[in-house]
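Colleague: Could you walk me through this model slowly? I am still learning the vocabulary, so please explain the terms as we go.

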Amino acid sequence: MPVVTTMMIITLLRGGGDGAGPFFNPGLMRDMLEDGLDGVADDELRRGLVIEDELESAMQRYRASVSSSIDAYIDEFANPDTAATDLIERLAPLDRERTEIMMAIIDSRRQLIETLTDDQWDKIFA
């Protein structure tokens with residue numbers, strides 16, 4: 001199951017495509033926040049954008065880690081002397097990092113829920 005979950009997260013985080021949703025697409029999220037919070041105090045919009053910036057930074061770190069781990073896995077896989085346990089160890093850190101990025105996404109959502117009013121949330125995400 002962790003492998004399937006990791007594959008799903010990698011797919012979702014790959015590039016924030018059209019179907020990925022705002023929490024996986026920083027540009028879309030910024031646009032939605034700016035549109036939904038148009039006319040509110042600057043500090044409210046700024047807080048929403050700070051939350052989004054933190055999420056985007058975490059996702060960029062995760063994407064870089066996935067990319068380097070996969071590259072190293074491919075390099076080791078090509079070596080006939082590499083044992084299966086070595087290959088498994090190469091990908092093991094991704095499970096921890098997958099959990100961390102999912103927690104960051106969930107935390108970003110929680111922070112936005114706490115920051116926005118119900119009307120603002122509906123205006124942004126409905």
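Modeller: What follows is a short talk through the chain, its charged pairs and a few single residues. This is a predicted model, in which local features need pLDDT of at least 70 and side-chain atom pairs count only at pLDDT 80 or more, while totals for chains, interfaces and linings use all residues. Residues are numbered from 1 along each chain as its sequence is written, and side-chain values use heavy atoms, with hydrogens and water left out.

Colleague: Okay, what does the secondary structure of the chain come to?

Modeller: The chain has five helices and zero strands, and read along the sequence it follows the pattern α-α-α-α-α. Helices (H or I, at least four residues) and strands (E, at least two) are DSSP runs, numbered from the N terminus.

Colleague: And how much of the chain is buried?

Modeller: Buried residues make up 34% of the 126 residues; buried means under 20% relative accessible area, exposed means over 50%, and partly exposed lies in between, with a 1.4 Å probe and protein chains only. The chain exposes about 7,800 Å², of which carbon and sulfur atoms supply 56%, and accessible areas come from the Shrake-Rupley method with a 1.4 Å probe, where for residues only the protein chains shown count as cover.

Colleague: Switching topic, how many salt bridges does a search of the whole structure find?

Modeller: The search finds four, where a salt bridge is a side-chain nitrogen of Lys or Arg within 4 Å of a carboxyl oxygen of Asp or Glu. In one of them, the side chains of Asp 53 and Arg 30 meet at 2.9 Å, N to O. Asp 53 lies in helix H3 and Arg 30 in helix H2, so this pair ties together parts that are 23 residues apart in sequence.

Colleague: Which residues are linked with Arg 30 in a network of salt bridges?

Modeller: Arg 30 is linked in a network with Asp 53 and Glu 56. The side chains of Arg 30 and Glu 56 meet in a salt bridge at 2.3 Å, N to O, and this pair links distant parts of the chain, with Arg 30 in helix H2 and Glu 56 in helix H3, 26 residues apart. Arg 30 counts as partly exposed because its relative accessibility is 23%.

Colleague: Where do Glu 114 and Arg 110 lie?

Modeller: Both lie in helix H4 (residues 84-115), four residues apart, which is about one turn of the helix. Their side chains meet in a salt bridge at 2.8 Å, N to O. Glu 114 counts as exposed, at 57% relative accessibility, whereas Arg 110, at 37%, counts as partly exposed.

Colleague: Now Ser 65: is that residue buried or exposed, and why?

Modeller: Ser 65 is buried, because its relative accessible area is 15%. Ser 65 lies in helix H3 (residues 42-78) and touches Leu 94 and Glu 97, not counting residues up to four places away in sequence; contact means heavy atoms within 4.5 Å.

Colleague: Then what does Glu 76 touch?

Modeller: With residues up to four places away in sequence again not counted, Glu 76 touches Thr 82, Asp 86, Leu 87 and Arg 90. Glu 76 also lies in helix H3, and Glu 76 and Asp 86, ten residues apart in sequence, are 8.2 Å apart in space, C-alpha to C-alpha.

Colleague: Last one, where is Asp 38?

Modeller: Asp 38 sits in the loop between helix H2 (26-36) and H3, and Asp 38 is exposed, with a relative accessible area of 61%.
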